[in-house]
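Please read the following account with the sequence and the model side by side. It goes from the chain as a whole to the ligand shell, then to a few unusual backbone positions and a pair of helices.

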Amino acid sequence: MNKKIILYNGPNSPFGRKTKITSLVQEIILEEKIIKVQEANFLDEYNPLRKIPTLLVDDLPIIDSDNICIYLDSISKKKTLFPKNEYFKITSMTSIANGLMQSVLERRMETIRPHNEQSKDFIKKQEIRTIRTIKWLENNWNNYGDNYLTMDQIAIACSLEYTNFRLNNRWEEECPHLKKWLINFRKNNFMKSTVPLESI
Ligand SMILES: N[C@@H](CCC(=O)N[C@@H](CS)C(=O)NCC(=O)O)C(=O)O
């Protein structure tokens, strides 16, 4: 019997976007529920961290976007997003993209705190890490022109678009390869249909 899969997601989460895209690409039917995570007391029963994305497979919670993507990939009949010969390259690049998302998110959370409580040093640190990471990807990520879709491509695209959405796209001036790659990757329907809701 088919399992009932619910994806608890947010309107703008880059981690959530990764999982939604994985479900679309891997053609997994699930119910997506967009929630306000701060008010989602019910989620604590499944995920004490109260974070999105959280996946529920019948009664089994799957926590963290990476585990959710691995799960969705594992039950799909489509080609894997984690081919064995490149597995650790793909997961490491995905972790870098996750860190980029986290940095942009933490900076954003700091900037919406009351002015007198904000730490300029903290904000600066996140901005430096963000720019350093994107430049590193420009120089070290060799996936341009690859016709086989892998998890790191999805994660990197989500992290760069989240940077543009919450910070700015100034990195594009110094990272021409990454910019060109993203412009092309954005043409995929799974990218177009998952743009952060607040940015529309
Ligand atoms: N490592 C987690 C990070 C998830 C995460 O940080 N989600 C944010 C939204 S983008 C969240 O739920 N924040 C709620 C909170 O911290 O209260 C993953 O990959 O799923």
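In this predicted model, 30% of the 200 residues of the protein chain count as buried. The C-alpha trace spans about 50 × 45 × 30 Å along its principal axes, and the radius of gyration of the protein chain is 17 Å, close to the 16 Å that the globule rule gives for 200 residues, so the chain is as compact as a globular protein of that length. Among the contacts in the protein chain with a separation of 6 or more, 71% are made by residues that stand 24 or more positions apart.

The secondary structure of the protein chain comprises eight helices and four strands, and their order along the sequence is β-α-β-β-β-α-α-α-α-α-α-α.

The ligand is a useful place to go next. Its shell consists of 14 residues, of which the closest are Ser-13, Phe-15, Lys-51, Ile-52 and Ser-65. Helix H2 (65–74) and helix H3 (87–111) are the elements that give two or more residues to this shell. In character, the residues around the ligand divide into five nonpolar, five polar and four charged.

Ile-52, one of the closest residues to the ligand, also takes part in an unusual piece of backbone. Most peptide bonds are trans. The bond that joins Ile-52 and Pro-53, however, is a cis peptide bond, with omega at about 5°, and Pro-53 has its place in the loop between strand E2 (31–34) and strand E3 (54–57).

Two further backbone positions deserve attention, both of them concerning phi. Most residues other than glycine have a negative phi. Asp-58, which lies in the loop between E3 and E4, nevertheless has a positive phi, near 50°. How many C-beta neighbours does Asp-58 have inside 10 Å, and is this residue buried or exposed? Asp-58 has 10 such neighbours and therefore counts as exposed, since the limit for that class is 12 or fewer.

Asp-64 is likewise not a glycine, and its phi is positive at about 85°. This residue sits in the loop between strand E4 (60–63) and H2. With 17 C-beta neighbours inside 10 Å, Asp-64 counts as partly exposed, because a residue is buried if 20 or more other C-beta atoms lie within that distance and exposed if there are 12 or fewer. Following the chain onward from Asp-64, one comes to Glu-138, which is 74 residues apart from Asp-64 along the chain, and the C-alpha atoms of the two are separated by 26 Å.

Later in the sequence, a helix pair completes the tour. Helix H5 (residues 151–166) and helix H7 (residues 176–185) pack with their axes 11 Å apart and at an angle of about 100°, which means that H5 is roughly perpendicular to H7. From H5, the residues in this contact are Gln-153, Ala-157 and Leu-160, and they meet Leu-178, Leu-182 and Phe-185 in H7. The residues of this contact divide into five nonpolar, one polar and no charged.

Technical notes
Residues numbered from 1 in each chain as written. Predicted model: local features only at pLDDT ≥ 70, side-chain atom pairs only at ≥ 80, totals over all residues. Axes fitted to C-alpha atoms, helices over the stretch in contact; angles between N-to-C directions. Parallel < 35°, antiparallel > 145°, perpendicular 65-115°, else oblique. Contact = placed C-beta atoms within 7 Å. Nonpolar A, V, L, I, M, F, W, Y, C, P; charged D, E, K, R; others polar. Rg over C-alpha atoms; globule rule 2.2 N^0.38 Å. Near = placed C-beta within 6 Å.
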